[in-house]
Amino acid sequence: MSTILSITDLRKSYAGGFEALKGVNLEIAEGEILALLGPNGAGKTTLISTICGITTATSGSVTVGGHCIEREYRAARAMIGLVPQEINLEPFETVMNSVRFSRGLFGKPRNDALIDDILKKLSLWDKRSSQIKELSGGMKRRVLIAKALSHEPRVLFLDEPTAGVDVELRKDMWDVVRELRESGVTIILTTHYIEEAEAMADRVGVIAGGEILLVEEKSDLMARMGKKELQVFLIDPVATVPEALDQHELRLGEDGHSLIYTYDVKAERTGITTLLNDVAAAGLVLSDVSTRQSSLEDIFVGLVSGEDA
Ligand SMILES: Nc1ncnc2c1ncn2[C@@H]1O[C@H](COP(=O)(O)OP(=O)(O)OP(=O)(O)O)[C@@H](O)[C@H]1O
(Lines give C-alpha, C1' and ligand atoms only; values in the text may rest on other atoms or scores of the structure.)
Protein backbone atom coordinates (compact mmCIF):
# COMPACT_ATOMS: atom_id res chain seq x y z
CA MET A 1 0.00 0.00 0.00
CA SER A 2 1.30 3.48 -0.76
CA THR A 3 2.00 6.12 1.86
CA ILE A 4 -0.54 8.92 1.92
CA LEU A 5 0.73 10.87 4.91
CA SER A 6 4.33 11.21 5.88
CA ILE A 7 5.51 13.02 9.02
CA THR A 8 9.24 13.57 9.57
CA ASP A 9 10.84 14.86 12.77
CA LEU A 10 7.89 17.15 13.50
CA ARG A 11 8.44 19.54 16.39
CA LYS A 12 6.14 22.13 17.86
CA SER A 13 7.00 24.56 20.64
CA TYR A 14 4.25 26.91 21.76
CA ALA A 15 4.96 30.54 22.65
CA GLY A 16 6.54 30.39 26.08
CA GLY A 17 8.73 27.49 24.98
CA PHE A 18 6.56 24.48 25.85
CA GLU A 19 7.50 21.63 23.51
CA ALA A 20 4.24 19.85 22.64
CA LEU A 21 5.72 17.69 19.82
CA LYS A 22 9.25 16.39 20.21
CA GLY A 23 10.27 14.97 16.86
CA VAL A 24 7.32 12.90 15.64
CA ASN A 25 7.91 10.45 12.77
CA LEU A 26 4.94 8.61 11.29
CA GLU A 27 4.00 7.09 7.95
CA ILE A 28 0.35 6.37 7.22
CA ALA A 29 -0.68 4.01 4.46
CA GLU A 30 -3.53 4.81 2.10
CA GLY A 31 -6.75 3.13 3.23
CA GLU A 32 -5.77 2.30 6.80
CA ILE A 33 -7.37 3.28 10.09
CA LEU A 34 -4.80 4.44 12.62
CA ALA A 35 -5.88 5.07 16.20
CA LEU A 36 -3.72 7.44 18.22
CA LEU A 37 -4.03 6.73 21.91
CA GLY A 38 -2.66 9.09 24.48
CA PRO A 39 -3.40 10.63 27.85
CA ASN A 40 -4.61 14.24 28.23
CA GLY A 41 -2.00 16.70 27.03
CA ALA A 42 -0.06 14.07 25.06
CA GLY A 43 0.01 16.22 21.92
CA LYS A 44 -2.72 14.52 19.86
CA THR A 45 -4.64 17.68 19.02
CA THR A 46 -1.40 19.59 18.41
CA LEU A 47 -0.30 16.90 15.95
CA ILE A 48 -3.61 16.98 14.06
CA SER A 49 -3.75 20.79 14.09
CA THR A 50 -0.23 21.00 12.69
CA ILE A 51 -0.97 18.55 9.88
CA CYS A 52 -4.16 20.44 9.04
CA GLY A 53 -2.39 23.82 9.00
CA ILE A 54 -4.25 25.26 12.00
CA THR A 55 -0.98 25.45 13.95
CA THR A 56 2.43 25.95 12.34
CA ALA A 57 5.22 23.52 13.08
CA THR A 58 8.45 24.75 14.64
CA SER A 59 10.43 22.34 12.45
CA GLY A 60 10.10 19.09 10.54
CA SER A 61 8.01 18.23 7.52
CA VAL A 62 4.63 16.77 6.63
CA THR A 63 3.44 15.67 3.21
CA VAL A 64 -0.10 14.64 2.30
CA GLY A 65 -0.42 12.75 -0.97
CA GLY A 66 3.10 13.98 -1.74
CA HIS A 67 2.19 17.66 -1.13
CA CYS A 68 4.16 19.58 1.48
CA ILE A 69 1.77 21.18 4.00
CA GLU A 70 3.76 24.42 3.93
CA ARG A 71 4.91 24.90 0.36
CA GLU A 72 1.79 23.38 -1.23
CA TYR A 73 -0.67 24.26 1.49
CA ARG A 74 -3.80 24.37 -0.66
CA ALA A 75 -3.21 21.07 -2.41
CA ALA A 76 -2.33 19.36 0.89
CA ARG A 77 -5.25 20.86 2.79
CA ALA A 78 -7.73 19.91 0.05
CA MET A 79 -6.85 16.27 0.65
CA ILE A 80 -7.67 16.45 4.37
CA GLY A 81 -10.98 16.40 6.20
CA LEU A 82 -11.00 17.35 9.88
CA VAL A 83 -13.68 16.41 12.38
CA PRO A 84 -12.88 18.55 15.41
CA GLN A 85 -13.32 17.54 19.02
CA GLU A 86 -15.72 20.37 19.78
CA ILE A 87 -19.09 20.76 18.10
CA ASN A 88 -18.85 24.10 16.31
CA LEU A 89 -22.04 24.24 14.21
CA GLU A 90 -24.34 27.11 13.35
CA PRO A 91 -27.56 26.29 15.31
CA PHE A 92 -30.05 27.89 12.89
CA GLU A 93 -28.54 26.47 9.71
CA THR A 94 -30.07 23.37 8.11
CA VAL A 95 -28.08 20.17 7.86
CA MET A 96 -28.02 20.28 4.05
CA ASN A 97 -26.90 23.94 3.84
CA SER A 98 -24.29 23.48 6.47
CA VAL A 99 -22.66 20.61 4.56
CA ARG A 100 -22.97 22.40 1.19
CA PHE A 101 -21.34 25.49 2.67
CA SER A 102 -18.32 23.47 3.85
CA ARG A 103 -17.75 22.19 0.32
CA GLY A 104 -17.89 25.76 -0.99
CA LEU A 105 -15.17 26.81 1.47
CA PHE A 106 -12.75 24.61 -0.41
CA GLY A 107 -13.66 26.28 -3.67
CA LYS A 108 -15.28 23.11 -4.99
CA PRO A 109 -18.23 23.45 -7.40
CA ARG A 110 -21.68 22.62 -6.08
CA ASN A 111 -22.41 18.88 -6.26
CA ASP A 112 -25.82 18.02 -4.81
CA ALA A 113 -25.62 14.34 -5.74
CA LEU A 114 -22.44 13.98 -3.70
CA ILE A 115 -23.88 15.82 -0.68
CA ASP A 116 -27.04 13.66 -0.86
CA ASP A 117 -24.87 10.58 -0.90
CA ILE A 118 -22.85 11.70 2.14
CA LEU A 119 -26.03 12.51 4.09
CA LYS A 120 -27.52 9.11 3.26
CA LYS A 121 -24.32 7.31 4.23
CA LEU A 122 -24.30 9.07 7.58
CA SER A 123 -28.03 8.43 8.21
CA LEU A 124 -28.77 12.15 8.08
CA TRP A 125 -30.98 12.09 5.01
CA ASP A 126 -34.22 12.32 7.03
CA LYS A 127 -32.78 15.31 8.87
CA ARG A 128 -31.47 17.18 5.83
CA SER A 129 -33.95 20.04 6.26
CA SER A 130 -33.75 20.17 10.05
CA GLN A 131 -31.95 22.98 11.79
CA ILE A 132 -28.81 21.95 13.65
CA LYS A 133 -30.35 22.96 16.98
CA GLU A 134 -33.05 20.30 16.52
CA LEU A 135 -30.50 17.46 16.36
CA SER A 136 -29.26 15.15 19.08
CA GLY A 137 -25.59 15.17 20.09
CA GLY A 138 -24.89 12.03 18.07
CA MET A 139 -26.49 13.53 14.95
CA LYS A 140 -24.46 16.72 15.37
CA ARG A 141 -21.29 14.65 15.43
CA ARG A 142 -22.39 13.00 12.19
CA VAL A 143 -22.98 16.45 10.66
CA LEU A 144 -19.39 17.31 11.57
CA ILE A 145 -18.25 14.22 9.68
CA ALA A 146 -20.49 15.10 6.70
CA LYS A 147 -18.96 18.59 6.59
CA ALA A 148 -15.45 17.16 6.78
CA LEU A 149 -16.24 14.82 3.86
CA SER A 150 -17.95 17.44 1.70
CA HIS A 151 -14.82 18.37 -0.29
CA GLU A 152 -13.95 14.69 -0.96
CA PRO A 153 -10.82 14.41 1.18
CA ARG A 154 -8.64 11.32 0.98
CA VAL A 155 -7.55 11.51 4.62
CA LEU A 156 -9.99 12.07 7.47
CA PHE A 157 -8.93 13.10 10.96
CA LEU A 158 -11.35 12.39 13.76
CA ASP A 159 -10.34 14.07 17.00
CA GLU A 160 -11.99 12.05 19.77
CA PRO A 161 -15.09 11.23 17.73
CA THR A 162 -16.96 9.61 20.59
CA ALA A 163 -15.92 11.68 23.62
CA GLY A 164 -18.95 11.88 25.91
CA VAL A 165 -21.08 9.72 23.60
CA ASP A 166 -23.03 6.80 25.10
CA VAL A 167 -22.05 3.20 24.37
CA GLU A 168 -24.72 2.57 21.74
CA LEU A 169 -23.99 5.72 19.78
CA ARG A 170 -20.30 5.00 20.04
CA LYS A 171 -20.86 1.68 18.30
CA ASP A 172 -22.90 3.42 15.58
CA MET A 173 -20.01 5.79 15.07
CA TRP A 174 -17.61 2.86 14.76
CA ASP A 175 -19.81 1.43 12.00
CA VAL A 176 -19.81 4.79 10.22
CA VAL A 177 -16.01 4.99 10.37
CA ARG A 178 -15.60 1.42 9.09
CA GLU A 179 -17.92 2.18 6.15
CA LEU A 180 -15.93 5.30 5.33
CA ARG A 181 -12.79 3.23 5.18
CA GLU A 182 -14.56 0.82 2.84
CA SER A 183 -15.15 3.79 0.55
CA GLY A 184 -11.38 4.35 0.38
CA VAL A 185 -10.83 7.13 2.92
CA THR A 186 -7.75 6.87 5.15
CA ILE A 187 -8.67 7.54 8.77
CA ILE A 188 -6.66 8.80 11.70
CA LEU A 189 -8.56 9.03 14.93
CA THR A 190 -7.53 10.08 18.40
CA THR A 191 -9.16 8.48 21.36
CA HIS A 192 -8.97 7.91 25.09
CA TYR A 193 -11.02 4.75 24.74
CA ILE A 194 -8.90 1.68 24.35
CA GLU A 195 -11.86 -0.41 23.23
CA GLU A 196 -12.39 2.11 20.43
CA ALA A 197 -8.90 1.46 19.14
CA GLU A 198 -9.49 -2.28 19.52
CA ALA A 199 -12.77 -2.13 17.63
CA MET A 200 -11.66 -0.06 14.66
CA ALA A 201 -7.97 0.39 14.11
CA ASP A 202 -5.65 -1.47 11.76
CA ARG A 203 -2.72 0.08 13.60
CA VAL A 204 -2.47 1.64 17.01
CA GLY A 205 -0.09 4.45 17.90
CA VAL A 206 0.61 5.54 21.46
CA ILE A 207 1.63 9.15 22.05
CA ALA A 208 2.69 10.68 25.36
CA GLY A 209 4.65 13.79 26.27
CA GLY A 210 4.84 14.83 22.61
CA GLU A 211 6.51 11.60 21.48
CA ILE A 212 5.22 8.56 19.62
CA LEU A 213 6.08 5.66 21.91
CA LEU A 214 4.79 2.86 19.73
CA VAL A 215 3.06 2.21 16.43
CA GLU A 216 2.04 -1.35 15.92
CA GLU A 217 -0.42 -3.48 13.97
CA LYS A 218 -3.44 -4.04 16.16
CA SER A 219 -3.26 -7.78 15.50
CA ASP A 220 0.26 -7.84 17.00
CA LEU A 221 -0.97 -5.98 20.04
CA MET A 222 -3.89 -8.37 20.32
CA ALA A 223 -1.43 -11.26 20.24
CA ARG A 224 0.32 -9.68 23.21
CA MET A 225 -3.04 -9.27 24.88
CA GLY A 226 -3.62 -12.97 24.45
CA LYS A 227 -1.23 -13.62 27.30
CA LYS A 228 -2.60 -14.52 30.66
CA GLU A 229 -0.97 -15.07 34.01
CA LEU A 230 -1.83 -17.84 36.43
CA GLN A 231 -0.63 -17.23 39.95
CA VAL A 232 -0.44 -20.25 42.22
CA PHE A 233 -0.28 -19.28 45.90
CA LEU A 234 1.60 -21.62 48.25
CA ILE A 235 0.92 -22.27 51.93
CA ASP A 236 4.67 -22.60 52.64
CA PRO A 237 6.99 -20.21 50.77
CA VAL A 238 9.86 -21.47 48.59
CA ALA A 239 13.26 -19.82 48.09
CA THR A 240 13.52 -20.78 44.41
CA VAL A 241 11.33 -22.46 41.81
CA PRO A 242 11.71 -26.22 42.53
CA GLU A 243 13.79 -28.07 39.92
CA ALA A 244 10.93 -30.51 39.32
CA LEU A 245 8.99 -27.59 37.79
CA ASP A 246 11.78 -26.36 35.51
CA GLN A 247 9.98 -27.29 32.29
CA HIS A 248 7.13 -24.85 33.09
CA GLU A 249 9.14 -21.59 32.96
CA LEU A 250 7.75 -20.19 36.18
CA ARG A 251 8.55 -16.96 37.94
CA LEU A 252 8.69 -16.70 41.68
CA GLY A 253 6.16 -14.31 43.20
CA GLU A 254 6.85 -11.91 46.03
CA ASP A 255 8.29 -13.51 49.21
CA GLY A 256 8.28 -16.92 47.51
CA HIS A 257 4.62 -17.33 48.38
CA SER A 258 3.51 -17.84 44.81
CA LEU A 259 4.56 -19.17 41.42
CA ILE A 260 3.57 -17.27 38.29
CA TYR A 261 2.90 -18.99 34.99
CA THR A 262 2.33 -17.04 31.73
CA TYR A 263 0.34 -18.77 29.01
CA ASP A 264 -1.31 -18.06 25.70
CA VAL A 265 -5.09 -18.00 26.06
CA LYS A 266 -5.58 -18.93 22.42
CA ALA A 267 -3.25 -21.95 22.52
CA GLU A 268 -4.89 -25.33 22.18
CA ARG A 269 -3.14 -26.55 25.32
CA THR A 270 -2.39 -24.00 28.01
CA GLY A 271 -0.37 -26.47 30.09
CA ILE A 272 -2.29 -25.61 33.25
CA THR A 273 -3.40 -29.16 34.09
CA THR A 274 0.13 -30.57 33.84
CA LEU A 275 1.49 -27.64 35.82
CA LEU A 276 -0.96 -28.12 38.68
CA ASN A 277 -0.30 -31.88 38.74
CA ASP A 278 3.46 -31.25 38.81
CA VAL A 279 3.09 -28.66 41.57
CA ALA A 280 1.23 -31.22 43.70
CA ALA A 281 3.77 -33.95 42.83
CA ALA A 282 6.59 -31.61 43.96
CA GLY A 283 4.97 -31.63 47.39
CA LEU A 284 3.78 -28.01 47.30
CA VAL A 285 0.41 -27.25 48.89
CA LEU A 286 -1.76 -24.58 47.28
CA SER A 287 -3.68 -21.98 49.22
CA ASP A 288 -5.26 -20.25 46.22
CA VAL A 289 -4.98 -19.60 42.48
CA SER A 290 -5.81 -16.52 40.43
CA THR A 291 -5.59 -15.53 36.77
CA ARG A 292 -5.02 -12.14 35.21
CA GLN A 293 -5.21 -11.07 31.57
CA SER A 294 -2.73 -8.51 30.28
CA SER A 295 -4.68 -6.07 28.15
CA LEU A 296 -4.03 -3.29 25.68
CA GLU A 297 -4.76 -1.08 28.65
CA ASP A 298 -1.85 -2.64 30.60
CA ILE A 299 0.42 -2.11 27.62
CA PHE A 300 -0.78 1.46 27.26
CA VAL A 301 -0.53 2.35 30.95
CA GLY A 302 2.90 0.67 31.14
CA LEU A 303 4.19 2.61 28.15
CA VAL A 304 2.84 5.94 29.26
CA SER A 305 4.21 5.58 32.78
CA GLY A 306 7.54 4.39 31.36
CA GLU A 307 7.33 0.80 32.60
CA ASP A 308 7.11 -2.43 30.68
CA ALA A 309 3.58 -3.74 30.23
N1 LIG B 1 -1.96 27.20 22.32
C2 LIG B 1 -1.20 26.60 23.24
N3 LIG B 1 -0.27 27.28 23.93
C4 LIG B 1 0.51 26.68 24.85
N5 LIG B 1 0.45 25.36 25.15
C6 LIG B 1 -0.46 24.64 24.50
C7 LIG B 1 -1.34 25.20 23.51
N8 LIG B 1 -2.14 24.20 23.01
C9 LIG B 1 -1.77 23.08 23.67
N10 LIG B 1 -0.78 23.32 24.54
C11 LIG B 1 -0.11 22.34 25.42
O12 LIG B 1 0.46 21.33 24.61
C13 LIG B 1 0.28 20.05 25.22
C14 LIG B 1 -0.43 19.11 24.25
O15 LIG B 1 -1.78 19.55 24.09
P16 LIG B 1 -2.81 18.81 23.11
O17 LIG B 1 -4.07 19.60 23.14
O18 LIG B 1 -2.13 18.60 21.82
O19 LIG B 1 -2.98 17.43 23.86
P20 LIG B 1 -4.02 16.25 23.58
O21 LIG B 1 -3.21 15.01 23.51
O22 LIG B 1 -4.87 16.57 22.41
O23 LIG B 1 -4.86 16.27 24.91
P24 LIG B 1 -6.42 15.91 25.18
O25 LIG B 1 -6.49 14.43 25.15
O26 LIG B 1 -6.60 16.47 26.57
O27 LIG B 1 -7.24 16.60 24.14
C28 LIG B 1 -0.47 20.29 26.52
O29 LIG B 1 0.46 20.32 27.58
C30 LIG B 1 -1.11 21.64 26.31
O31 LIG B 1 -1.27 22.32 27.54
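Modeller: Two strands count as paired if DSSP finds at least two bridges between them. In this predicted model, strands E4 and E5 pair in the antiparallel sense over two bridges. Together they form a hairpin with two residues between them.

Colleague: Which residue in the turn of that hairpin has a positive phi?

Modeller: The residue is Gly-65, with a phi of about 55°. A bridge can also be read residue by residue: Thr-63 stands opposite Cys-68 in E5.

Colleague: In what order do the strands of this open sheet lie?

Modeller: The order is E2-E1-E4-E5, four strands with antiparallel pairing. The edge strands are E2, residues 19-29, and E5, residues 67-68, each of which pairs on one side only.

Colleague: How many bridges join E1 to E4, and how many does E1 form with E2?

Modeller: E1 and E4 run antiparallel and are joined by five bridges; Ser-6 has Thr-63 of E4 as its bridge partner. Strand E1, residues 3-13, pairs with E2 over eight bridges, again in the antiparallel sense. Leu-10 stands opposite Val-24 in E2. Thr-63 thus appears twice in this account, facing Ser-6 and Cys-68.

Colleague: Which strands does helix H1 lie across in this sheet?

Modeller: Helix H1, residues 44-51, lies across E1, E2 and E4, where E4 spans residues 59-64. The helix runs at about 65° to E2.

Colleague: How many strands has the other open sheet, and is its pairing mixed or uniform?

Modeller: This sheet has six strands in the order E6-E7-E8-E3-E9-E10, and its pairing is mixed.

Colleague: Why is one side of E6 and of E10 left without a neighbour in the sheet?

Modeller: Strand E6, residues 80-83, and strand E10, residues 211-217, stand at the edges with a single partner strand each, so one side of each has no neighbour in the sheet. Neighbouring strands here are turned by 15° against each other on average, direction ignored.

Colleague: In which sense do E7 and E8 run?

Modeller: They run parallel: five bridges join E7, residues 155-159, to E8, residues 186-191. One bridge partner in E8 is Thr-190, which pairs with Asp-159. Helix H1 also packs on this sheet, touching E3, E7, E8 and E9, and its direction makes about 150° with that of E7. Helix H5 packs on the sheet as well, touching E6 and E7, at about 165° to the direction of E6.

Colleague: What is the handedness of the crossing where H3 passes H5?

Modeller: The crossing is right-handed. The axes of H3, residues 95-105, and H5, residues 137-149, come within 7 Å and cross at roughly 35°. From H3 the contact is made by Val-95, Ser-98, Val-99 and Ser-102, and from H5 by Val-143, Ala-146 and Lys-147. These residues divide into four nonpolar, two polar and one charged.

Colleague: Which residues surround the ligand?

Modeller: A ligand shell is read as a list of residues. Here the shell holds Tyr-14, Phe-18, Ala-20, Gly-38, Asn-40, Gly-41, Ala-42, Gly-43, Lys-44, Thr-45 and Thr-46. By type they are four nonpolar, six polar and one charged. H1 supplies the largest share of the shell, three residues.

Colleague: Where do the bounds of the domains fall?

Modeller: The domain assignment gives domain 1 as residues 3-223 and domain 2 as residues 227-293. Their C-alpha centres lie 47 Å apart.

Definitions and conventions. Residues are numbered from 1 along each chain as its sequence is written. This is a predicted model: local features need pLDDT of at least 70, side-chain atom pairs count only at pLDDT 80 or more; totals for chains, interfaces and linings use all residues. Two residues are in contact if their C-beta atoms, placed from the backbone, lie within 7 Å. Axes are lines fitted to C-alpha atoms, for helices over the stretch in contact, and angles run from 0 to 180 degrees between N-to-C directions. Domain bounds come from an automatic or database domain assignment. A residue is near a molecule or strand if its C-beta atom, placed from the backbone, lies within 6 Å of it. Ala, Val, Leu, Ile, Met, Phe, Trp, Tyr, Cys and Pro count as nonpolar, Asp, Glu, Lys and Arg as charged, and the others, Gly among them, as polar. A crossing is left-handed if the near helix is turned anticlockwise from the far one by less than a right angle, and right-handed if clockwise.
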